[in-house]
Amino acid sequence: MSEAAAARRPKVFGLARRLPEHLTIWVPLLLAAGHIVSFSLWTLWVSFTPSTLLPEFGWVGLHNYTAVLATRNWRIAFDNLLLFGSAFVVLSLLTGLGLAILLDQRIRGENVLRSIFLYPMAVSFVVTGTVWSWLLNPGVGVQKFVNDFGWMSFRFDWLINRDMAIWTIVMAAVWQSAGFGMALFLAGLRSVDTDLIKAAQIDGAGPVRLYRRVILPTLWPITVTVVVIQLQFAITTFDLVRALTGGGPGIATLLPALVVYDFMFQRGLLGRGAAAAVLMLLTLLAVLLPYAAWRHVQARKTARA
Amino acid sequence: MTNLRRRTVLAGTAGLLAVPHQSRAQAVKPRLTVISQWTSGSDGAAITALGKKFEEKGGIWQHSPVPGFTTEMMNKLRAQIMAGDPPACSQLKGPEIAAWSKIAATTDLDAIVAAAGYEKVVAPDLARLHKPGGHWISLPLQIYSTNMLFLSKRAMDKAKADQIPVTWADFNALAAKMKAAGVTYPIANGGTRPDDGQKFEASLAGISPAAYRAAIMNLDETALKGPEVKAAFVQVRKIADWMDPNTAAQHFSTNLKRFVAGDMGMMIQGGWAQGVLLNAGYKLDDFIIAPGPTDNGKPVFLLNADAFIFWQRKEADLQAGQALMAQLVMDPAIQTMYSQITGSIPVRTDVDLSGAGWSDGQRRTAAALKEAVASNQAVLSLAHNMAQQNGVTAAMIDVITEYVKDRTITPDDAASRLNEAVEGSH
């Protein structure tokens with residue numbers, strides 16, 4: 001019996017020693033997961049109830065979903081999301097990569113430039129939206145500036161043009177988040193094995209070929225990470241649009257998050273707002289599930305190799 | 001037997017609780033918890049002044065302002081109701097009073113209102129909004145008209161015009177004249193949703209108050225598809241063509257400088273614009289205020305009223321506070337004080353506005369209300385959430401704001417979309 005106790009002691013002792021470790025990992029993780037899961041389930045439940053100003057009991061089946069899907073607002077918001085999401089992700093990816101490659105040329109003042117490009121990320125979306133709303137306003141911003149120089153026929157009125165207004169949101173969002181892609185890509189570029197680069201150079205590869213054939217292929221994992229992070233940002237965009245266009249002109253630049261807020265808090269239709277939120281969650285899952293599957297496949301590949 | 005006795009005791013206690021507040025007020029110091037969004041500018045000043053009066057009467061005033069949009073104030077209210085701790089009194093307006101009164105118990109103010117003889121000095125449509133289910137549970141505080149016509153003196157001089165337009169035809173003629181005389185944009189505007197909504201409601205109510213009542217307030221399908229609604233959209237298109245398209249989602253106050261300078265000619269705004277203009281340093285002789293255009297020549301008054309709703313509380317001091325607050329809000333002297341600060345007009349139709357402290361604009365607005373009530377042309381504003389609950393309002397304003405900003409939508413399309421929006425929002 002004393003032997004058994006002796007055997008158990010180191011084990012218990014080890015557990016006690018690692019307690020802080022477990023606490024820091026598991027407590028926040030469980031809290032966060034509990035939060036997300038419980039509120040998601042709650043929203044899911046509300047989306048099937050006739051709730052208006054407050055959550056109510058009752059069951060209306062898919063009524064809220066059909067009602068939301070039938071509104072013009074949701075259709076416009078979803079079309080906008082497809083356009084905004086793809087344009088924003090592609091453009092911010094390319095801008096970030098371009099900036100990273102340019103910064104990678106061992107230029108002077110790299111630190112300063114890097115901070116400048118990263119700086120927009122430190123600004124809140126509301127500020128970004130407000131500043132750009134003035135810059136893009138034809139009556140006071142860029143257009144007026146150029147007109148005042150004498151080029152009177154110059155027109156840059158995307159902000160008040162229903163068809164182009166969504167692109168102003170793309171512009172502001174790219175400006176804000178290109179620095180994030182840049183930072184990740186730069187780290188990736190710097191971690192490419194210098195021997196590999198030297199070997200390619202000895203083989204006579206020019207700079208373009210060097211990037212295309214040797215360096216960029218190593219950046220795939222980073223690219224996927226950037227795309228996924230930017231996509232989930234795109235799907236949940238709210239404050240930027242609210243400050244920049246307010247969903248206008250008219251309702252031309254609505255995005256799903258604005259529709260959810262509008263239903264829940266401005267129209268006092270909690271049930272429909274919850275249904276719209278669940279639809280948003282489904283779009284998000286459509287992005288995240290393939291990503292998780294891809295990660296899984298990658299992990300198995302490396303394990304086998 | 002015991003059962004019966006218990007019931008008698010219970011009834012007795014209930015009776016005690018229901019004893020008029022006056023007799024209990026001596027025992028407790030009246031206290032009032034209030035939520036509103038009025039934090040700054042003239043609104044903040046006015047409610048602070050009201051709080052001072054409340055304290056002068058021996059009460060404890062506990063105001064928690066929630067700055068920002070009305071939505072944020074409502075979120076706070078919702079949270080407190082869900083927690084079972086509603087404020088004794090909160091800001092709420094229009095049909096939302098009826099909607100919210102279904103989710104939490106309110107205080108019946110019938111006795112206090114009857115004692116003050118208040119009902120006969122309030123416009124009937126307004127009274128109905130504040131007594132859903134037949135009982136007074138809320139009290140209107142101040143009134144604005146959302147369809148006042150502001151004319152820039154300098155733009156009028158430019159166009160060599162001195163007639164205040166009465167009908168929409170007059171209005172259109174004056175706008176064309178201004179445009180010809182070099183006024184860049186004959187209509188000054190903002191680009192917000194209520195701003196667009198106001199253009200439509202002013203047009204429809206001006207063309208036919210009866211059609212407005214049927215289509216917008218009663219959501220009558222024939223009226224919604226009727227010729228008046230289409231005519232209103234035609235008029236809105238004219239207005240939109242005379243507006244500065246560059247305003248995007250800006251607030252109307254951004255353009256006040258150009259309006260006063262005569263670069264913009266007319267503005268269809270609520271009475272509150274007077275306060276905003278004066279606050280921005282402009283003088284009363286920079287502009288003229290008149291009732292909005294009406295085709296039958298008699299003023300149409302689009303009512304917008306701020307109000308307080310009283311939530312049921314068990315605490316004796318809060319109940320005493322509610323009684324005191326109700327008396328204050330109905331008091332002509334208090335209404336005078338409040339409206340003189342904010343630029344609105346009093347709810348009571350029997351307040352004399354001839355004295356100092358009132359502007360010509362306010363006098364004209366009050367006269368218009370009296371006349372409009374008499375000719376049954378006082379209707380409830382859609383754009384400012386008085387005609388319908390928020391869900392229906394938002395769906396309708398979506399159509400209107402899209403129409404204002406998109407000239408490819410025809411008036412016929414807009415009218416049928418408006419009808420669809422109403423159907424879809426139920």
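**Exercise 1. Does Ala99(B) count as buried, exposed or partly exposed?**

Welcome! A quick note before we start: the model above is predicted.

*Solution.*
Step 1. Find the residue: Ala99(B) sits in helix H5 of chain B.
Step 2. Take its neighbour count, which is 17 C-beta atoms inside 10 Å.
Step 3. Compare with the cut-offs: a residue is buried at 20 or more such neighbours and exposed at 12 or fewer, with partly exposed in between.
Step 4. Conclude that Ala99(B) is partly exposed because its count is 17.

**Exercise 2. Find which residues Ala99(B) is in contact with, leaving aside its neighbours within four places in sequence**.

*Solution.*
Step 1. Look in chain A, where the partners are Leu53(A) and Gly268(A).
Step 2. Look in chain B, where the partner is Gln389(B).
Step 3. Check the separation of the pair within chain B: Ala99(B) and Gln389(B) are 290 residues apart in sequence, yet their C-alpha atoms lie 7.6 Å apart in space.

**Exercise 3. Describe the side of chain B that touches chain A**.

*Solution.*
Step 1. Count the residues: 22 from chain B are in contact with 24 from chain A.
Step 2. Name the helices: H4 (70–82), H5 and H19 (390–405) of chain B each supply at least two residues of this side.
Step 3. Pick out the main contributor, H19(B), which gives the most with seven residues.
Step 4. Sort this side of chain B by class, and you get eight nonpolar, eight polar and six charged residues.

**Exercise 4. Work out how the two domains of chain B are laid out and how they meet**.

*Solution.*
Step 1. Take the bounds from the domain assignment: domain 1 covers 20–143 + 305–342, and domain 2 covers 148–303 + 360–424.
Step 2. Place their C-alpha centres, which lie 30 Å apart.
Step 3. Count the contact, with 13 residues from domain 1 of chain B and 12 from domain 2 of chain B.
Step 4. On the domain 1 side, helices H3 (41–56), H5 (96–101) and H7 (124–130) of chain B each supply at least two residues.
Step 5. Sort that domain 1 side by class: six nonpolar, four polar and three charged residues.

**Exercise 5. Decide how compact chain B is for its length**.

*Solution.*
Step 1. Note the make-up of chain B, 20 helices and 10 strands.
Step 2. Compare the radius of gyration, 23 Å, with the 22 Å that the globule rule gives for 426 residues; the two are close, so chain B is as compact as a globular protein of that length.
Step 3. Add the extents: the C-alpha trace of chain B spans about 85 × 50 × 35 Å along its principal axes.
Step 4. Finish with burial, where 52% of the 426 residues count as buried.

Technical notes. Residues numbered from 1 in each chain as written. Chains lettered and ligands numbered in written order. Predicted model: local features only at pLDDT ≥ 70, side-chain atom pairs only at ≥ 80, totals over all residues. Domains from an automatic or database assignment. Contact = placed C-beta atoms within 7 Å. Helix = DSSP H or I, 4+ residues; strand = E, 2+ residues; numbered from the N terminus. Nonpolar A, V, L, I, M, F, W, Y, C, P; charged D, E, K, R; others polar. Rg over C-alpha atoms; globule rule 2.2 N^0.38 Å.
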